[in-house]
Amino acid sequence: MSSSHSTLRLLVAESETPEARHERRESVGRSSGETYLDILGKLAPGAACDRIKPVDADAALPSGMSLAGFDAVFLTGSPLHLYEETAETRRTVAFMRSVFASGTPAFGSCAGLQVATVAAGGTVRANRRGFEAAFARRITPTEAGRAHPLLAGRPATYDAPAIHTDEVEVLPPGAMLLAGNRVTTVQAAEIRFDGGVFWGVQYHPEIGLDEVAGAMRRQADGLVKAGLARGKEDVEAYASQVDALHREPTRRDLAWRLGLDQQITDERLRLAELRNFIGALTRLGREGLLAGDR
């Protein structure tokens with residue numbers, strides 16, 4: 001059974017803490033969940049979209065809804081460290097286990113991939129190769145990734161927006177590694193657990209260049225500490241160029257200076273994984289995704 005955009009019921013799970021939501025809104029005008037809602041409005045016009053904040057103690061689904069009533073769940077990025085035992089990480093992982101058990105297909109980026117990994121029995125750690133900041137470079141699909149619908153349309157190597165200090169250490173049993181690069185071994189994966197399926201990436205296809213610049217400014221101290229910049233003025237200089245390219249994405253001089261191509265500057269190409277996941281939902285329905293149809 002296939003669904004059309006007009007009949008999809010989608011749930012965005014925002015795992016940012018209230019403090020992180022505030023900082024992000026101060027920086028770029030929206031939280032990670034609000035960014036997802038904006039993008040889903042473009043990619044699935046007519047779909048009904050709700051948001052939940054599983055990190056919060058009082059998080060609740062819309063009245064009368066269950067996880068099984070949604071066509072898909074989208075997990076956002078977050079500053080949570082999944083290897084730390086806190087009330088916030090426990091709530092977020094428990095939510096993802098409920099998503100798997102409900103049989104509702106899910107997609108996640110950055111911390112979303114890490115949450116799904118831990119929920120299904122894998123592990124996450126601090127990235128041993130250091131900060132992956134602004135852009136993940138030369139992401140390369142595996143043999144399985146080249147055939148997987150999540151990465152359809154991606155070239156043999158590509159860059160994507162990314163900013164993270166943690167990484168998947170060990171994928172859960174039965175998971176499929178779809179892409180990696182020199183800095184982060186697991187850049188994309190499919191995870192199946194307890195009757196559910198998750199497609200995820202370590203990078204951020206959902207964010208625009210303005211949000212990349214905002215993330216750099218918010219994490220300027222960390223970038224300096226990691227040796228990626230000599231001082232905050234270096235971070236600001238780089239972020240200003242990224243902002244300028246956001247305003248004028250056809251400026252070849254800025255793209256050349258930043259080493260970027262259309263995989264990032266063209267929104268349609270940058271959103272490939274989200275578009276592919278939604279396309280699989282509309283083409284196959286949740287039953288097809290759960291059955292592993294290609």
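The following exchange concerns a helix pair and a cavity in a predicted model.

In this model, local features need pLDDT of at least 70 and side-chain atom pairs count only at pLDDT 80 or more, while totals for chains, interfaces and linings use all residues. Residues are numbered from 1 along each chain as its sequence is written, and side-chain values use heavy atoms, with hydrogens and water left out.

Colleague: At what angle do helix α3 and helix α4 pack?
Modeller: Helices here are DSSP runs (H or I, at least four residues), numbered from the N terminus, and α3 covers residues 87–102 while α4 covers residues 111–119. Axes are lines fitted to C-alpha atoms over the stretch in contact, with angles from 0 to 180 degrees between N-to-C directions. With the axes 9 Å apart, the packing angle is about 75°.

Colleague: Which residues in α4 are met by residues in α3?
Modeller: Contact means heavy atoms within 4.5 Å. From α3 come T92, V93, M96, R97 and F100, and on the α4 side they meet V115, A116, V118 and A119.

Colleague: Which element gives the largest share of the lining of the largest cavity?
Modeller: A cavity is a set of points on a 1 Å grid over the protein atoms alone where a 1.4 Å probe fits but cannot get out, and lining residues have an atom within 4 Å of a point. The lining includes T92, F95, A111, G112 and V115, and the elements that give two or more residues to that lining are α3 and α4. The largest share, 3 residues, comes from α4.

Conventions. 1 Å grid on protein atoms, 1.4 Å probe; cavity = no way out; pocket = protein on both sides within 12 Å on 5 of 7 lines; lining within 4 Å.
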